[in-house]
Amino acid sequence: MKIATWNVNSVRVREPRLVAFLGREQPDVLCLQELKVVDDDFPHEAVRAAGYEAVTFGQKTYNGVGILAKAGTKVENVSRTFEDGDDDPQARVIAADVLGVRVVSIYVPNGGDVGSEKWAYKQSWLKRLRTYASSRLDLSGKVAICGDINIAPEARDVAKPDRWKNSVLFHPEMTAAFQELLALGLVDTARIHHSGEGPFTWWDYRMLAFPKGDGLRIDHIFASKALASSCSGVRVDRDERKGAQPSDHAPLIAVFS
DNA sequence: ATGGCTGCTTTGAGCAGA
């Protein structure tokens, strides 16, 4: 089973790349973030033509998440939001049962500047994510939490740590929140197979970050132990960050035997 | 040390991303 996650930064703009990616990689499941469209505007026709069906939790302008699976695959028990009774005006989480795995596609808030309102929102959102993971997910079963987590957990996850050490992506409070999430019983699958630098998943559009190698590993696939034990490989599709009109994030792909 | 790009929006300057 191949599970991929990709912050497409506008599914409208990225539609040709999305279709090409599906055809090339043929993932069983693809989690998307930053759709930036309402559900009615999602390119269902193009996705169907590529052999996939999508469930989405869209939003105009910002946010929006989805889960794609091959046509014919059952996608069941779809839930949107944390379902904790606390209204979140931002569409950042969708979950579904696919091929025996509870798949969660999430888009963690960026956090703006450290100490800002957006920072507080990121902090509280991560707390709600922990509560959700421990109370709404059966972490003793097969679970995959995939998405743009907006946290680089360690120095080896940041090409230029000194540059980023005080940013919202690599702040000690955030790296601690990352570890608290894993402590619930989740495995950072990329680290099963990569012990060195990276693999990075995001490069700022500005500052020639990609050609300069100024990358961060902020997109992740967290697997419950029951699922992680079968993880046979994880990689980043860096080619998606090249060429015309790339997303600033590259897809992350995990294979489970 | 900053911003440099990209996509969005009551179409166009400002917000947001990370």
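Start by selecting Ser105 and Cys146: Cys146, in strand E8, is the bridge partner of Ser105. The model on your screen is predicted, so local features need pLDDT of at least 70 and side-chain atom pairs count only at pLDDT 80 or more, while totals for chains, interfaces and linings use all residues. Residues are numbered from 1 along each chain as its sequence is written, and chains are lettered from A and ligands numbered from 1 in the order in which they are written.

**Strand E8 and its neighbours**

Now widen the selection to E8, residues 143–148. Helices (H or I, at least four residues) and strands (E, at least two) are DSSP runs, numbered from the N terminus. Is E8 mostly covered or mostly open? Six of its six residues are buried, meaning that 20 or more other C-beta atoms, placed from the backbone, lie within 10 Å of a residue's own; exposed means 12 or fewer, and partly exposed lies in between.

Add strand E7, residues 101–107, which runs parallel to E8 and is joined to it by six bridges. Two strands pair if DSSP finds at least two bridges between them. Then add strand E12, residues 219–224, which is antiparallel to E8 and joined to it by five bridges. Here Ala144 stands opposite Ala223.

**Helix H3**

Next, pick helix H3, residues 117–135, which forms a right-handed β-α-β unit with E7 and E8. Right-handed means that, with the strands pointing away from you, the path from the first strand over the helix to the second runs clockwise.

Which residues of H3 are buried? Colour Lys122, Trp125, Leu126, Leu129, Tyr132 and Ala133. Look down the axis of H3: these buried residues fall within an arc of 120°, so they line one face of the helix. The arc is taken from the directions from the helix axis to the C-beta atoms. On the face turned away from that buried side, you will find the exposed residues Glu117, Lys127, Ser134 and Ser135.

**Strand E14**

Move on to strand E14, residues 252–256: four of its five residues are buried, so E14 is largely enclosed by the rest of the structure. Strand E1, residues 2–7, pairs with E14 in the antiparallel sense over four bridges, and Thr5 stands opposite Leu252. Strand E13, residues 231–236, is also antiparallel to E14, with five bridges; there Gly233 faces Val255 as its opposite.

**DNA strand B**

Finish at DNA strand B and select Ser10, Asn110, Tyr205, Arg206 and Met207, which come nearest of the 23 residues around it. A residue is near if its C-beta atom, placed from the backbone, lies within 6 Å.
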